[in-house]
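Good morning, colleagues. I should like to take you through some charged contacts and one internal space; please have the sequence and the structure open in front of you.

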Amino acid sequence: MTRLWNANGLLQHPQCDKAIEDVGNQYFAELRVRFFFKRIGNNKFLMHDLVNDLAQCVSSKFCARLENNWQNYTPERVRHVSCLKADYDVFEKFKTLKDAKHLRTLVPLQKGAGMYYYWLLGNKFVQGLLPFLSSLRVLSLSKHRGITELPPSVIGNLKHLRLLDLSSTEILKLPGSVSTLYNLQMLLLSGCAYLNELPKELVGKGKGLRIQDLGELQHLRGYLHISGLENVVNGRDAASANLKDKKLNENLVMEWSDSHVEDSFSVRDTLDKLQPHMGLKSLKLSHFGGTRFPDLLGDDSFVNLKTLHLESCNCCFLPALGQLSSMKFLTISKMDEIRNVGEEFYGYNAVIRPFQSLIFLKFEQMMAWELWKILDNGVFSSFEELHISKCPQQTGDFPSELLSLNSLKPSF
């Protein structure tokens, strides 16, 4: 609901750091307080009958529900259309929409909770109808199976589009013209099991999105995956991404294509300058090529971090991860240069008890790892699960406090 409001320009943009999604949620909460909506289940709400009748009366000239026919609607005046899906939708059902030149919203609706969760609608719908709907702000093809492609010229013509929902379709690839939709605010692709190609907008040299461009995206939220970091020239460019001010970003993945690099210092400087916001909850580093991690991985920059995964990094020693007081889940995998896990893992001259919140630890495919020094101050007293797999140099000679774990899963 709030996404539709935003895409149709009904939300007042905040003048502070508040995200537009939060403004929509605030609107909805106020309407609930005024009894416009009532909860009928988890994340399900029902509009009061009288309010619904009033809304339909006021919007009847501009809003339509497409079932088997248009009834008394005039396509030229309609701005918003919802479609009740049939088990097998056919193109003929939608042909009249060609005359809706000013249509802004086209979304599907499910009537009841029947046994059919997906609907069949072929590529003919996209190719035969969308070229006539250039004023669309919202387009949802969610759960319509049979749509496997989006012609570049068709999608590129939807210049006003702000929300595109392709979730749970059989789409195979997204055309590059999606990147030209400069008004697009939200692209939904969850459940697209067959999707195998996205527009190549990775950070890089020359063409494509640059790492500096992230600095202009002030309201990034949720999950952010940055790949191609080997193309970042220096730490100054990395700092301009301004990740430390992305307060709504809670889950971050940073990835290089190859952990073998010529300039280890430059790579380490890049990671050091890509310092995220202190509210980050989850972090994954993949194929980092520095011989050691920057100090920030063991300081209060990650005071709220709960999940960390280090994968295929080239470092010879682990950072002081024991000083991350909020971390609960730690996975270290495919780090072939690590031979010893010693005091540096816990933090030299530690001021707090190492790993005080950690409950899950996993070492996987550590081919050269031989020695593991365990401190004698009950450092693993909070542990619940320890997984060690495909570490052929490990002997399994662990301290008694580890062997007594309820869930110890060694597999050398």
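Let me begin with Glu 311, which counts as buried because its relative accessibility is 14%, below the 20% limit for that class. Please keep in mind that the model is a predicted one. The partner of Glu 311 in a salt bridge is Lys 284, with the closest N and O atoms 3.4 Å apart. Glu 311 belongs to strand S14 (residues 307-311) and Lys 284 to strand S13, so the pair links distant parts of the chain, 27 residues apart. Is Lys 284 buried or partly exposed? Lys 284 has a relative accessible area of 27% and is therefore partly exposed.

I turn next to Glu 343 and Lys 373, whose side chains meet in a salt bridge at 2.7 Å, N to O. Glu 343 sits in the loop between strand S16 (340-341) and strand S17 (360-364), while Lys 373 sits in the loop between strand S18 (371-372) and strand S19 (385-389), so this contact ties together parts that are 30 residues apart in sequence. Both ends are partly exposed: Glu 343 has a relative accessible area of 35%, and Lys 373 has one of 40%.

The next pair is Lys 281 with Glu 250, a salt bridge in which the closest N and O atoms are 3.9 Å apart. Here, too, distant parts of the chain are linked: Lys 281 is in the loop between helix H7 (264-273) and strand S13 (282-286), Glu 250 is in strand S12 (residues 248-255), and 31 residues separate them. Lys 281, at 31% relative accessibility, counts as partly exposed, and so does Glu 250, at 41%. In the whole structure, the search finds 6 salt bridges.

I come now to the internal spaces. How many cavities of 30 Å³ or more are there? The count comes to 2. I shall describe the second largest, which has a volume of about 50 Å³. Its lining is made up of Thr 2, Arg 3, Asn 6, Leu 11, Ile 20, Glu 21 and Met 186. Helix H1 (2-7) and helix H2 (20-33) each supply at least two residues of this lining, and H1 gives the largest share, 3 residues. By character, the lining of the second largest cavity divides into 3 nonpolar, 2 polar and 2 charged residues.

Thank you; I would welcome your comments.

Technical notes:
Residues are numbered from 1 along each chain as its sequence is written. This is a predicted model: local features need pLDDT of at least 70, side-chain atom pairs count only at pLDDT 80 or more; totals for chains, interfaces and linings use all residues. Side-chain values use heavy atoms; hydrogens and water are left out. On a 1 Å grid over the protein atoms alone, a cavity is a set of points where a 1.4 Å probe fits but cannot get out, and a pocket is an open set with protein on both sides within 12 Å along at least five of seven lines; lining residues have an atom within 4 Å of a point. Grid points are joined across faces, edges and corners, and a volume is the space filled by probe spheres set on the points. Helices (H or I, at least four residues) and strands (E, at least two) are DSSP runs, numbered from the N terminus. Ala, Val, Leu, Ile, Met, Phe, Trp, Tyr, Cys and Pro count as nonpolar, Asp, Glu, Lys and Arg as charged, and the others, Gly among them, as polar. A salt bridge is a side-chain nitrogen of Lys or Arg within 4 Å of a carboxyl oxygen of Asp or Glu. Buried means under 20% relative accessible area, exposed over 50%, partly exposed in between (1.4 Å probe, protein chains only).
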